[in-house]
Amino acid sequence: MHAVSEPVAARRRTAGWVPLRLLAATGLALLLPQAALGQAAHEVKGAYLFKFLSYVEWPDDTLAGPHAPFVIGILGDEEVRGALQEIVQGRQAQGHPVEVRRLKNGDAPDGLHMLYAGRDSMQELARYAGRRGLLLVGDSDNGLARGAMINLVLAENRVRFEIAPEAAERAGLHISSRMLALAQFVKPGAS
């Protein structure tokens with residue numbers, strides 16, 4: 001393994017350099033059968049969570065100041081939390097640093113901008129539906145029905161996502177049309 005000088009490491013962090021391991025995991029997730037996907041899926045999910053920050057607009061009063069961090073709470077999936085923690089280290093989203101917090105069922109989402117609930121914690125999302133400025137991300141086959149605004153799903157042996165933009169709008173969030181175009185499914189709004 002080669003040592004990387006601090007200036008090179010700093011350039012990589014600020015220039016949007018993605019760790020080679022993450023790129024490999026993302027590429028493998030597109031090619032591996034479902035059984036093997038589980039080994040890389042948590043890194044792909046962590047990468048998605050970080051990228052979602054760049055494609056969502058929060059209400060103006062959501063961040064405490066120009067240097068306040070985006071805070072992502074992770075509920076019930078330690079592998080995704082660990083992968084995301086590694087991804088956000090030294091990086092920013094929309095000019096803000098990013099923090100990752102471990103939550104337990106029943107914890108209040110105070111100070112969070114995004115809450116990710118793993119498969120075993122999906123029941124918690126309904127408690128926070130409509131909370132202003134809080135993006136709810138689920139990981140379940142029926143996550144949108146259970147309160148998620150964005151839901152991670154496995155489709156064709158790939159981690160994909162689906163979106164309920166109307167639920168996000170009710171919380172004061174706006175999801176970019178670019179992100180909507182990449183979604184596996186976009187839940188239609190009530191007419």
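Which residues does S140 touch, not counting residues up to four places away in sequence? Keep that question in mind; the tour comes back to it.

**Before you start**

This is a predicted model: local features need pLDDT of at least 70, side-chain atom pairs count only at pLDDT 80 or more, and totals for chains, interfaces and linings use all residues. Residues are numbered from 1 along each chain as its sequence is written, and side-chain values use heavy atoms, leaving out hydrogens and water.

**Stop 1: the whole chain**

Show the cartoon. You should find 7 helices and 10 strands in the chain. Helices (H or I, at least four residues) and strands (E, at least two) are DSSP runs, numbered from the N terminus.

Now switch on the surface. The chain exposes about 10200 Å², and carbon and sulfur atoms supply 52% of that area. Accessible areas come from the Shrake-Rupley method with a 1.4 Å probe, and for residues only the protein chains shown count as cover. Of the chain's 191 residues, 45% count as buried. Here buried means under 20% relative accessible area, exposed means over 50%, and partly exposed lies in between.

Contacts come next: heavy atoms within 4.5 Å. Among contacts in the chain with a separation of 6 or more, 54% are between residues 24 or more positions apart.

**Stop 2: the nonpolar core**

Select L49, F52, L53, L115, L135, V137 and I150. In the largest nonpolar core, which has 49 residues, these touch the most other members. A nonpolar core is a set of buried Ala, Val, Leu, Ile, Met, Phe, Trp, Tyr and Cys residues joined through side-chain atoms within 4.5 Å. Strand β2 gives this core its largest share, 5 residues.

Centre the view on L135. Leaving aside neighbours within four places in sequence, L135 is in contact with V56, W58, H113, M114, L115, M149, I150 and L173.

**Stop 3: aromatic pairs**

The structure holds 4 aromatic pairs. Rings of Phe, Tyr and Trp (its six-membered ring) pair if their centres lie within 6.5 Å; planes under 30 degrees apart count as stacked, over 60 as edge-to-face and the rest as tilted.

Select Y48 and F161. Their ring centres are 5.4 Å apart and their planes stand at 75°, so this pair is edge-to-face. Y48 belongs to helix α3 (residues 34-52) and F161 to strand β8 (residues 158-163), so the pair ties together parts that are 113 residues apart in sequence. Y48 counts as partly exposed because its relative accessibility is 21%, while F161, at 5%, counts as buried. Add F52 to the selection: ring pairs link Y48, F52 and F161 into a cluster.

Move on to W58 and F70. This aromatic pair is tilted, with 4.8 Å from centre to centre and 55° between the planes. W58 sits in the loop between β1 (56-57) and β2 (70-75), and F70 in strand β2, 12 residues apart. W58 counts as buried at 10% relative accessibility, and F70 counts as buried at 1%.

**Stop 4: salt bridges**

A search of the whole structure finds 10 salt bridges. In a salt bridge, a side-chain nitrogen of Lys or Arg is within 4 Å of a carboxyl oxygen of Asp or Glu.

Start with R81 and E78, whose side chains meet at 2.9 Å, N to O. Both residues lie in helix α4 (residues 78-88), 3 residues apart, about one turn of the helix. R81 is buried, with a relative accessible area of 17%, whereas E78 is partly exposed at 41%.

Next, select R119. One salt bridge joins R119 to D139, the closest N and O atoms being 3.8 Å apart. R119 is in the loop between β5 (114-117) and α5 (125-128), and D139 is in the loop between β6 and β7, 20 residues apart. R119 also forms a salt bridge with D141, where the closest N and O atoms are 3.9 Å apart. D139 is buried at 2%, R119 is partly exposed at 43%, and D141 is exposed at 67%. Add K45 to see the network of salt bridges that links K45, R119, D139 and D141.

**Last stop: S140**

Select S140, in the loop between β6 (135-138) and β7 (150-155). S140 is buried, with a relative accessible area of 6%. Here is the answer to the opening question: apart from residues up to four places away in sequence, S140 touches R119, M122, R146, N151, L152 and V153.

Methods
Buried < 20%, exposed > 50% of the residue type's maximum accessible area, 1.4 Å probe, protein only.
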